[in-house]
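Visitor: Hi, could you walk me through this one? I'd like to start with the overall picture and then poke at single residues.

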Amino acid sequence: MKFVCFQFERDNYWGSLREDRVDALGRIARESPQAVNHAIGRLHGGAVRSEAMPLSLDQVQLIAPVPAPGKIICVGRNYSDHAAEMGASVGELPVIFNKLPTCVIGPGEPVRLPDASSSVDYEAELVAVIGRAAHNVPEESAESHVYGYCCGNDVTARDWQKNGPGGQWLLGKSFDTFAPIGPWIVPRDELNASSLDIRMRLNDTVMQSANTRQLVFPLAKIIAHLSRFCTLLPGDLIFTGSPSGVGAGREPPVWLKCGDHMSVEIEGIGTLENPVIASGANDDQQC
């Protein structure tokens, strides 16, 4: 079973996907997309009453499986080869930063290149979705607070992250459309997230290829660490880090351009695909 959010006949729903059958389990009111976070919490606890509306996958348009996360927390330098290509070292504690929730988009939605940046980069990542509140949890039980996993792309304006006024990590990571996630969430008990192949394709070329075994700080350690500082809540997202092969680490650098197509592939989850368009273009406009 996979957790999905989707649009059907102009309304948005959350539900489950089994093979090609989609069961709509609840409607997402446009004024309160945060309701999905509560649904994930109820599913994590096994307390959802099924009132399914069955549909086929080709009848619906998938959207971000967590449309309005409360928090998006990211881990930097969590693959040693990526840290090296960026001229950085791995420390004793995880490097933590965040993205604003307004940058979330779903599968198939376009990433828009902002006018304010000329150095936009891709970063394929495994994303953990919190299903149960976590505060001061021990590492041994930390992963029990995870509902499931999806693909993510930590799109980054490097010129703002590194060289912009003040070195604005938050702003460089948080332009609108800079957090594609999806295409769905695979529940934790259906996946061994500690050993998954992950790759990024830019157009038809594999740019990143690694396995989550290479994470410097495993997810349990990340959750235990974060929960010392803030309470993690259902629907919060943790981007676990990106492997080497990003555009900024290449010579010459490879920056995203209008007309590009990105695919994040994670073993056992699926493929998250997003086109790249100019800031002011229509969603279906060709470059």
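Visitor: What share of the chain is buried?
Guide: Buried residues make up 52% of the 287 residues, where buried means under 20% relative accessible area, exposed over 50% and partly exposed in between, with a 1.4 Å probe and protein chains only. Keep in mind that this is a predicted model, where local features need pLDDT of at least 70, side-chain atom pairs count only at pLDDT 80 or more, and totals for chains, interfaces and linings use all residues. Residues are numbered from 1 along each chain as its sequence is written, and side-chain values use heavy atoms, leaving out hydrogens and water.

Visitor: Thanks. How many helices and strands does the chain have?
Guide: There are 5 helices and 19 strands. These are DSSP runs numbered from the N terminus, with helices being H or I of at least four residues and strands E of at least two.

Visitor: And how compact is the chain?
Guide: Its radius of gyration is 18 Å, close to the 19 Å from the globule rule for 287 residues, so the chain is as compact as a globular protein of that length. The radius is taken over C-alpha atoms, and the rule is 2.2 Å times the number of residues to the power 0.38. Along the principal axes, the C-alpha trace spans about 55 × 50 × 30 Å.

Visitor: What portion of the contacts comes from residues 24 or more positions apart?
Guide: Such pairs account for 75% of the contacts with a separation of 6 or more, a contact being heavy atoms within 4.5 Å.

Visitor: Let's zoom in. How well covered is helix 5?
Guide: Helix 5 is mostly covered, with 7 of its 8 residues buried. Those are Leu 219, Ala 220, Ile 222, Ile 223, Ala 224, His 225 and Leu 226.

Visitor: Which strands do they pack against?
Guide: The buried residues of helix 5 pack against strand 6 (72-76), strand 7 (95-99), strand 11 (124-130), strand 12 (146-153) and strand 17 (237-239).

Visitor: What about the histidine there, His 225: buried or exposed?
Guide: His 225 counts as buried because its relative accessibility is 12%. Setting aside residues up to four places away in sequence, His 225 touches Leu 93, Pro 94 and Ile 96.

Visitor: Where does Leu 215 sit?
Guide: Leu 215 is in the loop between strand 16 (205-211) and helix 5. It is buried too, at 14% relative accessible area. Beyond residues up to four places away in sequence, Leu 215 touches Asn 78, Tyr 79 and Thr 240.

Visitor: Tell me more about that tyrosine. Where is Tyr 79?
Guide: Tyr 79 lies in the loop between strand 6 and helix 2 (80-85). With a relative accessibility of 0%, Tyr 79 counts as buried. Leaving aside neighbours within four places in sequence, its contacts include Ile 198, Ala 210, Gln 214, Leu 215, Gly 241 and Pro 243. Thr 212 is among its contacts as well; the C-alpha atoms of Tyr 79 and Thr 212 are separated by 8.8 Å, though these residues are 133 apart along the chain.

Visitor: Switching topic: which residues are joined by cis peptide bonds?
Guide: One such bond joins Gly 182 and Pro 183, with omega about -5°, and Pro 183 is in strand 14 (residues 179-187). Another joins Glu 251 and Pro 252, with omega about 0°, and Pro 252 is in the loop between strand 17 and strand 18 (261-266). For context, most residues other than glycine have a negative phi, and most peptide bonds are trans.

Visitor: Nice lead-in. What is the phi of Glu 9?
Guide: Glu 9 has a positive phi of about 50° although it is not a glycine. This residue is in the loop between strand 1 (2-8) and strand 2 (11-18), and counts as exposed at 64% relative accessibility.

Visitor: And Glu 19, what's its phi?
Guide: Phi of Glu 19 is near 55°, again positive in a residue other than glycine. Glu 19 lies in the loop between strand 2 and strand 3 (21-28) and is exposed, at 76% relative accessibility.

Visitor: Last one: which helix holds Trp 160?
Guide: Trp 160 lies in helix 3 (residues 158-161). At 23% relative accessibility, Trp 160 counts as partly exposed.
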